Amino acid sequence: MRTRSSSNLVGESSPNPTTSNPKRRNRRRSKQPFSLEESPVNTMADQYTMAELLRAPTEGYAEAIVVPPILAEHFELKHSLINMMTTDQFFGLEKDNPYDRIRWFNKITSTIKYKDVPNSAIKLMLFPFSLAGAARR
């Protein structure tokens, strides 16, 4: 077993002379001095407070979910399916886990199949029904 001090002995050589010890690599250093000056470019984020930046924008997002075209001639979501989504809605409360909610939603919607209707379209149509309160806004 080699220790740090024994690996530095002059008489020992490594089994492969072409490999070098990564700890002894020479690193070039920049000759330019480090400057702590602030950037003169002001970004849009500099104009808002932290609370404003953390708030999700809602203006202009009336219909943020865009459902792709459906090729089926007579397709509609069943009332029982919509009821299933509205019975246990996600409110976005502190005790609610959004990841558990997405897993549940994916599990339910993955069991639904319609001819000529992509599963992503079904998910996008049902998702607003699974939200309520602040989560819906």
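# Close-ups of a six-helix chain

Two aromatic pairs turn up in this structure, and here a pair means rings of Phe, Tyr or Trp (its six-membered ring) with centres within 6.5 Å; planes under 30 degrees apart are called stacked, over 60 edge-to-face and the rest tilted. Keep in mind that this is a predicted model, where local features need pLDDT of at least 70 and side-chain atom pairs count only at pLDDT 80 or more, while totals for chains, interfaces and linings use all residues. Residues are numbered from 1 along each chain as its sequence is written, and side-chain values use heavy atoms, with hydrogens and water left out.

**View 1. Phe75 meets Tyr114.** The ring centres of Phe75 and Tyr114 are 5.0 Å apart and the planes sit at 75 degrees, so this pair is edge-to-face. Which parts of the chain does the pair link? Phe75 is in the loop between α2 (50–54) and α3, Tyr114 is in the loop between α4 and α5, and the two are 39 residues apart. Tyr114 counts as partly exposed, with 26% relative accessibility. For these labels, buried means under 20% relative accessible area, exposed means over 50%, and partly exposed is in between (1.4 Å probe, protein chains only).

**View 2. Phe105 meets Phe127.** This pair is edge-to-face too, at 5.3 Å centre to centre and with 80 degrees between the planes. Phe105 belongs to helix α4, whereas Phe127 is in the loop between α5 and α6 (133–136), 22 residues apart. Is each partner buried or partly exposed? Phe105 is buried, at 5% relative accessible area, and Phe127 is partly exposed, at 26%.

**View 3. The whole chain and its helices.** Zoom out for a moment: the protein chain has six helices and zero strands, which gives the pattern α-α-α-α-α-α along the sequence. Helices (H or I, at least four residues) and strands (E, at least two) are DSSP runs, numbered from the N terminus. Of the 137 residues in the protein chain, 15% are buried. Contact means heavy atoms within 4.5 Å, and among contacts between residues at least 6 apart in sequence, 63% join residues at least 24 apart.

**View 4. Helix α4 and its two sides.** The 12 residues of α4 should span 16 Å at 1.5 Å a residue, and the end C-alpha atoms are indeed 16 Å apart; the expected span is 1.5 Å times one less than the number of residues. Which residues of α4 are buried? They are Arg101, Phe105, Ile108 and Thr109. Looking down the axis of α4, these buried residues fall within an arc of 90 degrees, so they line one face of the helix. The arc is taken from the directions that run from the helix axis to the C-beta atoms. Tyr99, Arg103 and Lys107 are exposed on the other side of α4. The buried residues pack against α3 (79–87) and α5 (119–126).

**View 5. Details along α4.** At the start of α4, a side-chain oxygen of Asn97 comes to within 3.0 Å of the backbone nitrogen of Tyr99. A polar contact is a pair of N or O atoms within 3.5 Å; within protein, one must be able to donate a hydrogen and the other to accept it, and residues adjacent in sequence count only if both atoms are side-chain atoms. Further along, the charged end of Arg101 sits over the ring of Trp104, 5.0 Å from its centre. Sitting over a ring means that NZ of Lys or CZ of Arg is within 6 Å of the ring centre and within 35 degrees of the ring normal.

**View 6. Thr109 in α4.** Thr109 is in helix α4 (residues 98–109) and is buried, with a relative accessible area of 0%. Its side chain reaches the backbone oxygen of Asn106 at 3.5 Å. Leaving aside neighbours within four places in sequence, Thr109 is in contact with Met85, Asn119, Lys123 and Leu126.

**View 7. Helix α3 and Met84.** Leu81, Ile82 and Met85 are buried in α3. Seen down the axis of α3, they fall within an arc of 100 degrees, so they line one face of the helix, and they pack against α4 and α5. On the other side of α3, His79, Ser80 and Thr87 are exposed. Met84, also found in α3, counts as partly exposed at 32% relative accessibility. Not counting residues up to four places away in sequence, Met84 touches Trp104 and Ile108.
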